[in-house]
Every structure is written in C-alpha cells, then in structure tokens.
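Colleague: Hi! Could you pull up the model so we can chat about its inside and its cysteines?
Modeller: Sure, here it comes.

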Amino acid sequence: MNRSEKAKTAAAPARLTMLHRICTFLKETFLTLRFVEGALLCCGIYVLGDLVWWSAESFLYLFGASTLFSSFIYLFPVCAAFPYALRYRENRKNHLDYMILQRCSVSRYLNTLFVRTAASGFAVMAAGTLLFLGLIPVCFPHAVLSYELEEIGGLIMPFMEGVAQAENWFAYFGFYTVLIGISGVFWGVLALTVSAWVDNTYAIYIFPILFFYAMDYAASNLHLYSLSGQMFAMYYYETWQQALLYPLVTFGSMSVLCYLAFIYRGRRNCRES
C-alpha cells in the first residue's frame with residue numbers, strides 16, 4: 001500500500017466522524033417538534049396581522065401589511081426562542097450538562113449551544129416566512145401576484161422597485177426572508193442568554209418581547225431606526241444592500257454582546273455546579 005492509499009484510508013474515519021457530527025447537528029437543531037411549532041407560530045403571527053385585509057387583491061400588499069400595520073410583530077422573538085433557547089436551562093435542570101462536560105470542554109459546550117441557537121433562530125423565522133408565503137393563496141384567494149397590480153395597491157419600497165418591476169419574486173421575497181432570519185439569530189441568542197441568568201421559563205420568553213417593545217419605543221423618541229423597522233425594511237433605504245447592512249450591524253453587534261454575557265455566566269454556572 002503506497003502513501004496516498006494509506007492517507008485515504010486514514011482520512012475515511014475522519015470524514016465519517018465529521019459527517020456524523022453534521023447530521024447530528026441538523027437533526028437536533030432543525031428536525032424537532034419545537035422547530036415546527038416555532039415555524040407555525042411565526043406563520044400564525046403573519047396571518048394575524050392580515051386578518052383585517054381579508055378581501056385584499058394584492059399579494060404584495062398582504063405580505064407587507066402583515067408586519068407594517070400589525071401589533072403582533074412583538075411576538076416574533078418567541079418564535080426564534082422556541083427551537084433551542086431552552087436547551088441550556090433544561091440541561092441544567094436535568095443535570096445533563098454534568099454528563100456532557102465529562103466528554104467536552106466548557107468552552108465547546110457553551111459555544112455549541114450558542115451556535116445551534118443562532119442557527120435555529122435564523123432557520124425558524126425563515127421557515128415561518130416561507131410557510132406564510134405559501135399560504136397566502138390559500139388563506140387569501142383574492143390575492144394576485146402582478147407588478148401592475150402591486151404598482152397601484154402594493155407596498156413596494158423604492159430600493160426593491162427594480163426587483164419587483166422585473167417580477168423577480170424569488171429575489172424579492174428571498175430578501176425579506178433573509179432579513180427576518182437575521183433578526184431571528186438575535187432573538188434566539190437573547191433568550192438563551194436570559195436562560196443563563198434567570199431560571200424561569202416565562203421570563204425567558206417574555207424578556208425578548210419586552211426588550212423589543214422597549215427598544216422600539218426608545219428609538220422613536222430618539223429618532224433612531226427601530227428594531228422592527230430594520231427587521232422588515234420599513235425605511236426608505238437607498239439600496240437593498242443598505243437595507244441589509246443596517247440590520248446586520250444592529251442585530252449582529254447585539255448578538256455579540258449576548259455571546260459575551262452568555263459565555264461569562266455559563267462558565268460561572270459550570271464552576272458552581
């Protein structure tokens with residue numbers, strides 16, 4: 001057996017191990033009942049915001065009105081927290097963290113929890129948005145997707161006008177799906193961080209809602225871009241790149257702060273347990 005064959009033989013177990021870890025990550029993060037519940041709740045919040053526009057004929061108007069004119073948007077953080085944010089608290093309650101830490105370091109354990117929560121937060125918000133888009137023709141049978149109709153009664157922001165005019169709806173709705181997914185990362189890790197400091201399920205779910213509302217209220221008084229406005233691109237940005245950059249910076253920086261607070265408290269909890 002030459003060197004190349006030996007290298008291939010030695011690398012095979014490593015590839016299998018990596019593939020197994022990836023499959024485990026996907027299964028435990030996305031293929032869960034909680035993930036499905038979070039996506040359904042996200043879709044339901046969209047539908048609740050559209051109930052008063054039952055007879056609307058514009059597909060895009062329904063999509064925009066579901067968030068722009070809705071007070072239910074402050075429930076979106078709960079969706080992002082559903083899939084994985086409670087895992088840290090449950091591990092501590094069931095003493096599973098002690099057994100897990102016998103096989104890996106504290107840093108790896110905490111980092112894995114944080115990454116899985118962030119990934120699930122993005123995915124569940126994106127999945128709920130796509131589910132809502134798929135249900136619009138079912139729940140609102142009068143809605144028609146046509147640029148001519150949208151031009152009259154739709155809610156097309158200027159920076160997305162060119163995309164809508166080209167009727168590139170995949171890019172149009174894909175942009176908004178990615179946008180709300182970015183916010184889902186933050187809402188998920190915020191709930192996870194709260195779970196490291198507060199041992200109460202209700203507080204873990206309610207705190208992100210209160211934070212969302214308080215930040216929007218403060219932004220309106222300080223004449224700053226609100227979190228809800230950045231989540232759904234409700235401002236007149238010059239380009240779609242700018243509409244994407246603002247929430248990336250805002251939610252990204254707050255997610256970093258959550259990471260620091262979670263790692264600090266998580267390490268302390270591990271030392272005390």
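Colleague: Which helix gives the largest share of the lining of the largest cavity?
Modeller: That's H3, which brings 5 residues to the lining. Bear in mind that this is a predicted model.

Colleague: Which helices supply at least two lining residues each?
Modeller: Helix H3 (59-68) and helix H10 (169-197).

Colleague: And how many residues line the largest cavity, and which lie nearest its centre?
Modeller: The lining has 15 residues, and Phe63, Gly64, Thr67, Tyr176 and Phe232 are the ones nearest the centre.

Colleague: What's the lining like by class?
Modeller: It counts 12 nonpolar and 3 polar residues, with no charged ones.

Colleague: How much space is in there?
Modeller: About 180 Å³ in the largest cavity. The count of cavities of 30 Å³ or more comes to 1.

Colleague: Switching to cysteines: how many disulfides turn up in the whole structure?
Modeller: The search gives 0 disulfides.

Colleague: Why is Cys79 not bonded to Cys42?
Modeller: The closest cysteine sulfur to that of Cys79 is in Cys42, but it sits 4.8 Å away, so it is too far for a bond. The cut-off for a disulfide is sulfur atoms within 2.5 Å.

Colleague: Is Cys79 buried or exposed?
Modeller: Cys79 is buried, at a relative accessible area of 0%.

Colleague: What about Cys139, how far is its sulfur from the closest cysteine sulfur?
Modeller: The partner to check is Cys43, and at 7.0 Å its sulfur is too far from that of Cys139 for a bond. Cys139 is partly exposed, with a relative accessible area of 22%.

Key:
Residues numbered from 1 in each chain as written. Predicted model: local features only at pLDDT ≥ 70, side-chain atom pairs only at ≥ 80, totals over all residues. Heavy atoms only, no water. 1 Å grid on protein atoms, 1.4 Å probe; cavity = no way out; pocket = protein on both sides within 12 Å on 5 of 7 lines; lining within 4 Å. Points joined across faces, edges and corners; volume = space filled by probe spheres on them. Helix = DSSP H or I, 4+ residues; strand = E, 2+ residues; numbered from the N terminus. Nonpolar A, V, L, I, M, F, W, Y, C, P; charged D, E, K, R; others polar. Buried < 20%, exposed > 50% of the residue type's maximum accessible area, 1.4 Å probe, protein only.
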